[in-house]
Amino acid sequence: MGQLLSNLANGSFVKLNENGHPEQFIKLGNDHYGAGTGVTMLRKKAYTQTAWNAASTYYNVFIGCTLDNICDGIFPQKLDEEIRACMVSTPIVVAQGMGVATLHTIYRKAFPLSCTEVGLSGWQTEGKAFALFVDNASRIAYLDGTEATAVCWGLRSPYSDANVACSVNSSGALSGSLVNYPAFAARPAFNLKSSIVVSSNKDSDGCYTVESTPAQSNRLYVKYNGIWREVG
């Protein structure tokens, strides 16, 4: 008998497939972005070191930048179809950029976290902090394929300088780089429906695994031996 994803303690690890390969994700919290926004998950490892904005203008406007497109456009396609159907369109707060302090609420299926959300003091207050990030050590992340070398991972927060964006550096502290430098490894966060059922116990890697997803248009999906099957 499984349990709801929402019942897991914050900081728990959950395995989800990316292109058929199990990847680890960290549960950050429930309904952090408002009632009904579900369970926030964060990829344990970062991947694909990239420019924050590779466009010819090189400005730190998040909406439509390279990091935005990787997280919200490319990353979700890696997940199983049954999990993609459980992703919640999430209202996130982002500063306008280019030296303009105006805050905007936009909706994304997957997104980088902000300075505020990881417990750092950025140029603007973008959302609210997750309790998991208590010190530099809690913010350190590694790149796919390595457990030994920490990586600089990108945040969605701009600096007041129109060409600089924020990141978490290899020591877990706040850093900033010119947006056209490939210094922003993507570490997507996203929200999933709270009614996903996961295993009661951890596997040998210390992770919970998904057992079933909620009905989608009267279709319920259950995993048997790692394979999704429609039931009911």
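Over the ring of which residue does the charged end of Lys 44 sit? Select Lys 44 and look along its side chain: the ring is that of Phe 13, and the charged end lies 4.8 Å from the ring centre. Keep in mind during the tour that this is a predicted model.

**Stop 1: the largest pocket**

Keep Lys 44 and Phe 13 selected and add Ile 26, Ile 140 and Arg 187. Among the 14 residues lining the largest pocket, these five are the closest to its centre. The pocket itself holds about 210 Å³ of space. Colour the lining by class and you will find eight nonpolar residues, two polar ones and four charged ones.

The contact from the opening question therefore belongs to this place: Lys 44 and Phe 13 are both among the residues closest to the pocket centre.

Now centre on Arg 187 and show Trp 153. Arg 187 lies over the face of Trp 153, and the distance to the ring centre is 4.7 Å.

**Stop 2: the aromatic cluster**

Next, select Phe 25, Phe 75 and Phe 190. Together they form one aromatic cluster. In the whole model the count of aromatic pairs comes to six.

Begin with Phe 25 and Phe 190. Their ring centres are 5.5 Å apart and their planes stand at 75°, which is over 60 degrees, so the pair is edge-to-face. Phe 25 belongs to strand β3 (residues 21–30) and Phe 190 to strand β14 (residues 189–192), so trace the chain between them: the pair links distant parts of it, 165 residues apart.

Is Phe 190 buried or exposed? Its relative accessibility is 0%, so Phe 190 counts as buried. Phe 25 also counts as buried, with a value of 0%.

Turn from there to Phe 75. The rings of Phe 75 and Phe 190 have centres 5.6 Å apart, and because their planes are at 45°, the pair is tilted. Phe 75 is in the loop between α1 (66–74) and α2 (81–84), and 115 residues separate it from Phe 190 in strand β14. Phe 75 has 0% relative accessibility and counts as buried.

**Stop 3: Asn 60**

Move to the loop between β4 (39–43) and α1, and select Asn 60. With a relative accessibility of 0%, Asn 60 counts as buried.

Which backbone oxygen lies 2.6 Å from a polar atom of the Asn 60 side chain? Show the backbone around Asp 161, since the oxygen is the one of that residue. Then show Tyr 159, whose backbone oxygen lies 3.0 Å from a polar atom of the Asn 60 side chain.

**Stop 4: helix α1**

Follow the chain into helix α1 and select Leu 67. Leu 67 is buried, its relative accessible area being 0%. Add Gly 154 and draw a line between the C-alpha atoms: they are separated by 7.6 Å, while the two residues are 87 residues apart along the chain.

Asn 69 is in helix α1 too. Its relative accessibility is 42%, so Asn 69 counts as partly exposed. For a second line, pick Asn 163: from C-alpha to C-alpha, Asn 69 and Asn 163 are 18 Å apart in space, and in sequence they are 94 residues apart.

**Stop 5: Glu 18 and Arg 43**

Select Glu 18, which is in strand β2 (residues 13–18). What does the side chain of Glu 18 make a polar contact with? The partner to display is the side chain of Arg 43, at 2.8 Å. Glu 18 counts as buried because its relative accessibility of 9% is under 20%.

**Stop 6: two positive phi angles**

Finish with the backbone of two residues. Select Asp 31, in the loop between β3 and β4. Its phi is near 50°, a positive value in a residue other than glycine. Asp 31 has a relative accessible area of 33% and is partly exposed.

The second is Thr 48, in the loop between β4 and α1. Although Thr 48 is not a glycine, its phi is positive, at about 45°. Thr 48 is partly exposed, with a relative accessible area of 34%.

Technical notes: Residues numbered from 1 in each chain as written. Predicted model: local features only at pLDDT ≥ 70, side-chain atom pairs only at ≥ 80, totals over all residues. Heavy atoms only, no water. 1 Å grid on protein atoms, 1.4 Å probe; cavity = no way out; pocket = protein on both sides within 12 Å on 5 of 7 lines; lining within 4 Å. Points joined across faces, edges and corners; volume = space filled by probe spheres on them. Nonpolar A, V, L, I, M, F, W, Y, C, P; charged D, E, K, R; others polar. Phe/Tyr/Trp six-rings, centres within 6.5 Å; stacked < 30°, edge-to-face > 60°. Helix = DSSP H or I, 4+ residues; strand = E, 2+ residues; numbered from the N terminus. Buried < 20%, exposed > 50% of the residue type's maximum accessible area, 1.4 Å probe, protein only. Lys NZ or Arg CZ within 6 Å of the ring centre and 35° of its normal. Polar contact = N/O pair within 3.5 Å; in protein donor to acceptor, adjacent residues only side chain to side chain.
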